[in-house]
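Biologist: I have a new model open on my screen and I'd like to learn how to read it. Could you walk me through it?

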Amino acid sequence: MNILYQNSELTLTSQHERVFLTDKFNTVLYEEVFYGNASCGLIDSENKWVLIGGEHLTIWTKERISIIKSDEFQWIHSLRTNSKNTVEILTDPWYARSAIWQLDTSTLNLMKIRNFPDYREQQYTDIIDW
């Protein structure tokens, strides 16, 4: 099992193209198949939402599950919290359509901030400065 993200209440793991969100009692709260494996995850500090990135983006809340998938917005590489209700999303830095996006977690409004050509045609590295 690969741990994508965890806190004291929730753990997000992936294994063989499957993602599992579990609570501290190891109860599975959510399970999903990701083509090509999930690459990253993020859990809200108050456990209100969970983001899972890979070929597409999944947003999990106790009330609903939303999936954002499009040709322009795919192959999520990294996630980071920008403010209480906004998250920044980096798509694959080596992909021709690499970009930084912003997601409002309360409205699920997704907006492209800018293209991210910095690593295109560069050698692979584990550390991305974005």
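Modeller: Let's go from the overall fold down to single residues. Keep in mind that this is a predicted model.

Biologist: Fine. How many helices and strands does the protein chain have?

Modeller: Start by listing the elements in order. Here there are 12 strands and zero helices, so from the N terminus on the protein chain reads β-β-β-β-β-β-β-β-β-β-β-β.

Biologist: And how compact is the protein chain for its length?

Modeller: Compare the radius of gyration with what a globule rule gives. The protein chain has a radius of gyration of 14 Å, close to the 14 Å that the rule gives for 130 residues, so it is as compact as a globular protein of that length. As for the box, the C-alpha atoms fill roughly 45 × 30 × 25 Å along the principal axes.

Biologist: What share of the residues counts as buried?

Modeller: Of the 130 residues, 45% are buried. On the outside, the protein chain exposes about 7500 Å², and carbon and sulfur atoms supply 46% of that.

Biologist: Where do the charges sit on average, positive against negative?

Modeller: Take the mean position of each kind. For the 12 positive and 18 negative charges of the protein chain, the two means are 4 Å apart.

Biologist: Now single residues. Is Leu57 buried or exposed?

Modeller: Look at the relative accessibility. Leu57 belongs to strand S7, residues 57–60, and at 0% it counts as buried, because the cut-off for buried is under 20%.

Biologist: Which residues is Leu57 in contact with, beyond its neighbours in sequence?

Modeller: Skip everything within four places in sequence. What remains includes Leu51, Ile52, Ile67, Phe73, Leu79, Ile89 and Leu103. Ile76 is also one of the contacts of Leu57; the C-alpha atoms of Leu57 and Ile76 are separated by 7.1 Å, though the two are 19 residues apart along the chain.

Biologist: What about a polar residue, say Ser14: buried or exposed?

Modeller: Ser14 is buried, at a relative accessible area of 6%. You'll find Ser14 in strand S2, residues 10–15. Leaving aside neighbours within four places, Ser14 touches Met1, Asn2, Leu4, Val19 and Ala38.

Biologist: I can see aromatic rings too. How many aromatic pairs are there?

Modeller: Five aromatic pairs turn up. For each one, read the distance between ring centres and the angle between planes. Tyr35 and Trp75 have centres 6.2 Å apart and planes at 55°, so that pair is tilted. Tyr35 lies in the loop between strands S4 and S5, and Trp75 in the loop between strands S8 and S9, so the pair ties together parts that are 40 residues apart in sequence.

Biologist: How accessible are Tyr35 and Trp75?

Modeller: Tyr35 is exposed at 55%, while Trp75 is partly exposed at 29%.

Biologist: And which kind of pair do Trp94 and Tyr119 make?

Modeller: Their centres are 6.2 Å apart and their planes stand at 75°, so Trp94 and Tyr119 are edge-to-face. Trp94 sits in the loop between strands S10 and S11, and Tyr119 in the segment after strand S12, so this pair ties together parts 25 residues apart in sequence. Trp94 is partly exposed at 23%, whereas Tyr119 is buried at 15%.

Biologist: Which residues do ring pairs link into a cluster?

Modeller: Trp94, Phe116, Tyr119 and Tyr124. Try displaying those four side chains together and trace the ring pairs that link them.

Definitions and conventions: Residues numbered from 1 in each chain as written. Predicted model: local features only at pLDDT ≥ 70, side-chain atom pairs only at ≥ 80, totals over all residues. Heavy atoms only, no water. Helix = DSSP H or I, 4+ residues; strand = E, 2+ residues; numbered from the N terminus. Rg over C-alpha atoms; globule rule 2.2 N^0.38 Å. Buried < 20%, exposed > 50% of the residue type's maximum accessible area, 1.4 Å probe, protein only. Areas by Shrake-Rupley, 256 points an atom, 1.4 Å probe, with all protein chains shown as cover. Lys, Arg positive; Asp, Glu negative; His and termini not counted. Charge placed at Lys NZ, Arg CZ, Asp CG, Glu CD. Contact = heavy atoms within 4.5 Å. Phe/Tyr/Trp six-rings, centres within 6.5 Å; stacked < 30°, edge-to-face > 60°.
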